[in-house]
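Please examine the surroundings of the ligand and the state of the cysteines in the structure shown here.

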Amino acid sequence: MEIIPVKNYADLSEKASASIIQSVKEKPDLLFCAATGGSPTGMYAQMHQAHAADPSLFSAMRTIKMDEWGIIPSEHPDSCESYLKKHLLGPLEISEDRYVSFDTHVKDFQAECDRVQGYIEQEGPMDICILGLGKNGHIAFNEPGEYLQAPFHKAILAESTIQHDPALSQGAEPAFGLCVGMEGILQAKKIIFLITGKGKQDAYKTIMEKKITTSCPATFLWMHPNVECYVDQEAI
Ligand SMILES: O=C(O)[C@H](O)[C@@H](O)[C@H](O)[C@H](O)COP(=O)(O)O
């Protein structure tokens, strides 16, 4: 993993977006796994600007949703689906046939997970995987625990993840999400890992100890040969 210190959020967004644009120029139909949340929003805005200047840039790029909350419907304004429509799919004009989504309001979760895992196995590996850092060290919804899951799976969310968005604390069963597993992440050809936002200092410190542990899933990124880790110096 290459640690790339950047001045602030604007700098992080610009540099990360430049790296993606370079890759999409080399491989226009690349498979892009998209995170949501505060970390990538500025980067997606930069990609939008590049698209405005050259509308052909992302015209073949394929996108897969990285994860989705289980408690709220995908039409909810706080869903990952709504976020991606607003910040990525709409602005970059990613057509439906180039977008892989999934639903968390299904009876058979395993079948939905198997479908997405099957897509990744057939069409993957992902060319670019975008990751943000959870305050507890999670990546996507791969939460700290005794073990991590390899395939696309249903994940029980940690308390700190639920608090990230109060809408999620509603509902009777433990809050869950569906998300790409560690195999999909670690097989990606390039990972853009964004460390920015409040409350990330402790997780960042743990990462920098370079000890690989399931109690901080982000430490597994040390095992990947091509991670660009942009670290906002204002945030840590
Ligand atoms: O939202 C997602 O798609 C990810 O599942 C999640 O892992 C996120 O990247 C981190 O929780 C950081 O969130 P922020 O970027 O909002 O700080």
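The following questions and answers address the ligand site and the cysteines of this predicted model.

Q: Which residues come nearest to the ligand?
A: The ligand has 14 residues around it. Among these, the ones that come nearest are Gly38, Ser39, Asp67, His138 and Lys200.

Q: How many residues of each class, nonpolar, polar and charged, does the shell around the ligand have?
A: Residues in this shell are sorted by class, with Gly counted as polar. The shell has 2 charged residues. The remaining classes are represented by 4 nonpolar and 8 polar residues.

Q: How many Å separate an oxygen atom of the ligand from a polar side-chain atom of Ser39?
A: A polar contact requires N or O atoms within 3.5 Å. Ser39 contributes a polar side-chain atom, and its distance from a ligand oxygen atom is 2.5 Å.

Q: Which residue places a polar backbone atom 2.8 Å from an oxygen atom of the ligand?
A: Lys200 approaches a ligand oxygen atom through an N or O atom of its side chain, at 2.7 Å. The backbone atom at 2.8 Å from a ligand oxygen atom belongs to Thr36.

Q: What percentage of the ligand's accessible area does the protein cover?
A: On its own, the ligand has 410 Å² of accessible area. The space that the ligand takes is the largest pocket. The share of the ligand's area covered by the protein is 92%.

Q: Why does Cys113 form no disulfide with Cys179?
A: A disulfide needs two cysteine sulfur atoms within 2.5 Å. The closest cysteine sulfur to that of Cys113 is in Cys179, and they are too far apart for a bond because the distance is 8.5 Å.

Q: Is Cys179 buried or exposed?
A: A residue counts as buried under 20% relative accessible area. The value for Cys179 is 0%, so Cys179 is buried.

Technical notes:
Residues are numbered from 1 along each chain as its sequence is written. This is a predicted model: local features need pLDDT of at least 70, side-chain atom pairs count only at pLDDT 80 or more; totals for chains, interfaces and linings use all residues. Side-chain values use heavy atoms; hydrogens and water are left out. A residue is near a molecule or strand if one of its heavy atoms lies within 4 Å of it. A polar contact is a pair of N or O atoms within 3.5 Å; within protein, one must be able to donate a hydrogen and the other to accept it, and residues adjacent in sequence count only if both atoms are side-chain atoms. Accessible areas come from the Shrake-Rupley method with a 1.4 Å probe; for residues, only the protein chains shown count as cover. On a 1 Å grid over the protein atoms alone, a cavity is a set of points where a 1.4 Å probe fits but cannot get out, and a pocket is an open set with protein on both sides within 12 Å along at least five of seven lines; lining residues have an atom within 4 Å of a point. A molecule sits in a cavity or pocket if more than half of its atoms lie within 2 Å of its grid points. Buried means under 20% relative accessible area, exposed over 50%, partly exposed in between (1.4 Å probe, protein chains only).
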